[in-house]
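Thanks for coming. I will walk through one model this morning, starting with a detail and working outwards.

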Amino acid sequence: MKFVGEHLLPGQLGHFFAILAFVASMVATVAYYNVVKGKEPLIRDSWKRLARWSFIIQSAAVIGVFTCLYFILYNHYFEYKYAWRNTSRDLPIQYLLSSLWSDQEGSFLLWSIWNSILGIFLIRTSKNWEAPVMTIFSLAQLIMASMLLGIFILGYKVGSNPFMLLREAPENQLAPIFQTADYMQHIHDGNGLNVTLQNYWMVIHPPVLFLGFASMIIPFAFAFAGLWTKDYTGWVKPVQPWGLFAIMMLGTGIMMGAAWAYESLNFGGYWAWDPVENASLVPWLTMVAGVHTLLAYKATGHSLKSTFFFFFISYVLILYSSFLTKSGVLGDTSVHSFTDMGMSAQLLISMLVFTVPAIALLIVRRKEIPSVKKEENSYSREFWLFVGSLILLIAAIQITFTTSIPVWNKLLSLTGLKSAFNMNDIAPPSDSIFHYNKIQIWIAIVLGVLTAIVQFMRYKDTPRGEITKKLLVPTIVTILLTALVAWKGTITYDKYGAGFLTAIYLMLFASIYAIVGNFFYIFSGLKGKLKNAGASVAHIGFGMVLLGVLISSAKMEVISLDRMKMLGDGIFTKESKQNPRENIMLPKDVPVEMGDYHVTYTGDSVAQGDPKTYYVVHYEKKDKQTGKALERFTLYPDAFVNKKENALSSNPASRHYLTKDIFTYVSAAPNRDEAAQADTTPYVTHEMKQGDSVFFSKGFIVLKGLNTKPESRNYIPQNGDLAVGAELEVYTQTDDHFKLQPIYFIRDSSYQYSVEDTLAPLGLNVRFSKIMPAENKIELKVKEAAGFNDYIVMKALIFPYINVLWLGIIITVIGTAMSIYQKVRRR
Amino acid sequence: MKKTNIILLVVIAVAIGVIVTMVGDFSTYETFATAREKEGKEFHVIGKLDTLKAMSYDPAKDANLFSFYVHDKTGESHKVVFYGAKPTDFEKAESIVLTGKMEGSEFHCSKILMKCPSKYKDDQVAVSNKQI
């Protein structure tokens with residue numbers, strides 16, 4: 001069959017590029033491998049030329065795939081499943097990119113582009129490390145390209161082709177609509193992008209995150225190259241800035257996701273310990289550990305083996321996170337993972353391809369890796385760097401262990417242990433946030449203290465007394481500051497008992513200690529030389545992140561508590577404990593007290609061309625004694641309203657202050673249409689002459705006259721119609737003045753119709769139901785809709801001192817960037 | 001014994017300790033029947049929305065009370081009470097993971113996780129006969 005209206009060229013071109021990328025990266029892998037293994041310089045050179053060109057060709061091909069896919073989305077070619085699934089005609093153009101990477105193929109593509117760019121950069125800069133490092137890179141690209149192939153090899157589907165046509169999709173092949181040649185006539189629009197992804201963070205967060213993912217391969221590749229070529233130490237120097245770069249990009253990417261979660265508030269804050277979030281945090285933790293053991297090695301020769309281990313495990317964990325989010329295994333435990341695309345095995349293989357050789361080689365050659373015989377001194381910096389890295393490893397293990405619950409279930413049932421022991425599937429902890437917090441808080445305490453102290457130690461050995469002397473002032477300052485914050489801040493987070501509250505105070509101390517300690521170190525250790533202070537600045541930022549996390553979580557407050565209902569239930573019943581009552585109903589125009597504010601909902605509004613409904617919510621803060629208004633502002637939380645199902649997809653509106661953010665979020669609103677239909681108030685019949693008037697609750701209606709040539713929105717005259725309109729004027733108590741014209745007409749000289757006219761603001765419906773020529777009267781039927789109670793249900797939260805967290809992140813990034821600059825310059 | 005080894009041992013011990021305490025936190029997936037046997041403890045129940053019985057959410061009465069009926073895996077249907085607003089797209093969920101406990105014949109849940117036909121997307125072909 002020849003289908004009409006399809007645009008096949010961009011898809012074919014795109015698929016060609018995808019295959020080209022696959023083949024070229026295969027050639028690059030083999031060629032680079034031969035460069036490493038080759039003996040003859042001449043042959044090696046020719047392999048190298050081939051390898052470089054193939055890598056450049058695969059990079060160009062990847063860009064080609066991206067361009068074709070973007071072209072298809074941009075032009076709304078809905079014959080392609082990708083365009084149909086992820087976009088729609090009304091999608092604002094700036095979100096086309098977010099829909100491009102909202103699906104699995106697009107995210108692989110993004111990753112692949114970054115790999116290409118980093119690869120080309122490394123070809124230019126890594127000199128004699130190029131061949132082994134680029135072998136790893138090309139292999140990674142080969143695997144990436146295979147994810148986009150979408151071809152069947154021996155009956156097994158390899159990859160998923162983003163250029164698949166809608167009619168070729170397995171679920172659609174039998175659908176009758178695709179048996180007709182002109183099926184495109186019926187497909188006018190796509191599915192659209194999920195509204196929570198229509199956010200500017202979703203344009204910027206994925207590229208940064210995937211740059212982080214992609215850059216994690218560089219330390220892995222260098223470490224592997226070192227083991228492979230038996231040059232166990234030469235790789236350390238070039239890798240150092242890249243390790244920092246990977247931390248910086250991955251950290252920024254993760255926290256941009258957190259900022260998105262925070263702003264869209266669909267996940268209740270910036271961090272919810274969701275498996276998808278955890279999976280990308282864990283490699284960051286291990287990479288941070290690796291960067292620190294690398295420092296220890298460079299200064300003293302200790303910890304080289306652990307550096308290998310951390311660099312390997314970090315990339316393996318990146319691949320594991322990609323497996324978790326893309327294989328669908330998290331379906332029951334995460335709110336934002338993808339569903340299975342039948343590629344689990346492929347994802348698993350891609351993970352093992354890197355894991356097995358790296359770990360095997362590390363075990364086999366562990367004896368050859370140089371190490372220092374003498375033990376680390378307990379008063380040395382390298383010793384505590386190592387300890388800190390192990391603490392980070394414990395954090396990583398704990399998070400991974402719980403996040404992997406669905407994987408444990410799979411493993412238990414695969415190995416038959418589950419049936420052998422008659423076990424049930426394990427489920428995540430029912431209070432998962434506290435589950436993580438109660439362990440991670442201790443880790444954060446130890447890390448905070450280490451961050452404050454370790455910089456003051458010297459490598460090899462520190463003279464006794466020196467640490468105490470140097471730490472004395474920062475410690476006293478920290479204790480004073482902690483006491484001040486504890487006194488002024490009144491942290492009384494007793495939801496989980498006194499033990500946890502103690503931990504909170506300890507963490508308060510630890511995070512302030514990290515900030516103060518490093519601040520002092522810039523002066524006492526570095527003599528105020530900011531040039532070398534990258535690490536200290538980054539550590540100050542890290543301390544602020546800990547502090548911001550602590551305070552904003554411990555003092556996060558829901559102000560929209562439904563206190564009336566709380567009293568109604570009785571405060572001390574079992575139920576009142578279960579029900580946090582965090583939503584409150586705001587009837588229209590009735591001020592409700594909420595925390596320090598009086599909050600009033602005054603109605604909603606929609607704008608032409610904007611699919612969202614905006615709810616107008618006024619906040620007013622009054623002085624308790626005088627009743628004078630101290631502060632007034634209006635927030636406009638909005639929502640996509642799906643009329644058919646009355647489903648709301650809300651976005652919060654927030655008021656930002658330096659010290660806190662106030663969020664307002666609509667969780668429910670009534671369905672107008674349904675309310676109108678459900679209204680069963682009867683019509684009241686009135687017989688009227690010209691000039692007569694009828695009263696209703698809000699005013700009166702006057703019959704001005706009859707119009708024999710009526711027209712209205714709802715009535716279009718046809719030939720042979722006999723139509724009369726009643727010209728009515730409506731006067732209200734508030735001196736408003738409206739016109740109404742219900743119409744009565746006879747069509748085909750036998751059927752009578754009545755076209756109702758309504759006055760929405762007054763809830764007035766008027767029907768012209770009969771003409772009585774003999775009496776010169778007409779009959780009107782008038783209905784006043786039962787007073788429609790407009791309201792919204794909303795939730796309002798205050799996040800205090802969240803800016804400490806955001807500022808901390810920015811400072812950490814700046815500090816890391818300073819270090820990178822310093823390391824690159826010194827080379 | 002080298003200090004590093006001692007530390008490694010300590011770390012391993014801590015890690016094992018942490019994992020053991022963690023396992024205590026883990027919950028299990030249950031049905032209504034097994035959850036009733038252990039009334040008062042929190043569990044996860046996977047089920048489907050019982051569309052034959054009405055769900056109710058009336059913010060005018062109580063903005064934090066949403067109740068509906070769910071079939072669990074064995075087909076047993078029970079009333080579920082959720083203290084909060086009705087989640088968006090609730091009707092669309094293909095299956096629901098509830099976290100909570102049995103209280104008499106009602107299941108009181110504190111968390112609802114909805115599995116939609118395709119996460120982030122709706123995967124049925126939408127066809128209209130209207131011409132633009």
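Start with the loop between α8 (217–228) and α9 of chain A, where you will find A:Lys230. This is a predicted model, and everything I say should be heard with that in mind. The phi of A:Lys230 is near 60°, a positive value in a residue other than glycine. Is A:Lys230 buried or exposed? A:Lys230 is exposed, because it has 9 other C-beta atoms within 10 Å, and the cut-off for exposed is 12 or fewer.

There is a second lysine to look at, A:Lys127. A:Lys127 lies in the loop between α5 (104–125) and α6 (130–147) of chain A. Its phi is near 50°, again positive in a residue other than glycine. With 8 other C-beta atoms within 10 Å, A:Lys127 counts as exposed.

Now the overall scores. The model has an ipTM of 0.79 and a pTM of 0.84.

Chain A next. Chain A has 827 residues, of which 44% count as buried. Its secondary structure comes to 23 helices and 24 strands. The C-alpha trace of chain A spans about 120 × 80 × 60 Å along its principal axes. Take the contacts in chain A between residues at least 6 apart in sequence: 69% of them join residues at least 24 apart.

What sits in the middle of this? The largest nonpolar core has 230 residues. Those with the most contacts inside this core are A:Val65, A:Tyr80, A:Ile217, A:Phe220, A:Ala221 and A:Phe312. Which helix gives the most to this core? Helix α9 (residues 236–264) of chain A does, with 16 residues. To take one of the core residues, A:Ile217 is in contact with A:Ile136, A:Phe137, A:Ala140 and A:Tyr315, leaving aside its neighbours within four places in sequence. Apart from the largest core lies another, of 14 residues, among them A:Leu703, A:Tyr744, A:Leu759 and A:Leu764.

One helix is worth a check on its length. Helix α13 of chain A covers residues 381–403, which is 23 residues. At 1.5 Å a residue, α13(A) should span 33 Å, and its end C-alpha atoms are 33 Å apart, so the two agree. As for its surroundings, α13(A) is mostly covered, with 18 of its 23 residues buried.

There is a UniProt annotation over this part of the chain. An unreviewed entry gives "domain: Cytochrome c-type biogenesis protein CcmF C-terminal" for residues 350–554 of chain A. Over residues 350–554, chain A is 72% helix and 1% strand in the model, and the end C-alpha atoms are 41 Å apart.

On to the strands of chain A. Strand β8 (residues 612–622) pairs with strand β9 (residues 629–635) in the antiparallel sense, over six bridges. Within that pair, A:His618 stands opposite A:Thr634 in β9(A). The two strands form a hairpin with six residues between them, and A:Gly627 in the turn has a positive phi of about 75°.

Further along, strand β19 (residues 743–747) has two partners to describe. Strand β17 (residues 722–732) of chain A pairs with β19(A) over four bridges, antiparallel. The bridge partner of A:Leu722 there is A:Ile746. Strand β20 (residues 751–755) is joined to β19(A) by five bridges, and these two strands also run antiparallel. Here A:Ile743 has A:Val755 in β20(A) as its bridge partner. What separates β19(A) and β20(A) in their hairpin? Three residues do, and A:Asp748 in that turn has a positive phi of about 55°.

Last, chain B. Of its 132 residues, 29% count as buried. Chain B has two helices and six strands, which run α-β-α-β-β-β-β-β from the N terminus on. Among contacts in chain B between residues at least 6 apart in sequence, 47% join residues at least 24 apart.

An unreviewed UniProt entry lists residues 6–26 of chain B as a "transmembrane region". In the model, residues 6–26 of chain B are 95% helix and 0% strand, and the end C-alpha atoms are 30 Å apart.

A word on confidence to finish. Chain B averages a pLDDT of 76, and 85% of the residues score at least 70. Over residues 118–132 of chain B, pLDDT stays under 50, and the model has 24 contacts beyond four places in sequence for that stretch. Where pLDDT is low, the predicted coordinates should not be read in detail.

Technical notes
Residues numbered from 1 in each chain as written. Chains lettered and ligands numbered in written order. Predicted model: local features only at pLDDT ≥ 70, side-chain atom pairs only at ≥ 80, totals over all residues. Expected span 1.5 Å × (residues − 1). Buried ≥ 20, exposed ≤ 12 C-beta atoms within 10 Å, placed from the backbone. pLDDT = per-residue confidence, 0-100. Contact = placed C-beta atoms within 7 Å. Pairing = 2+ DSSP bridges. Core = buried A, V, L, I, M, F, W, Y, C linked by C-beta atoms within 7 Å. UniProt positions renumbered as here; feature names shortened; annotations may be inferred.
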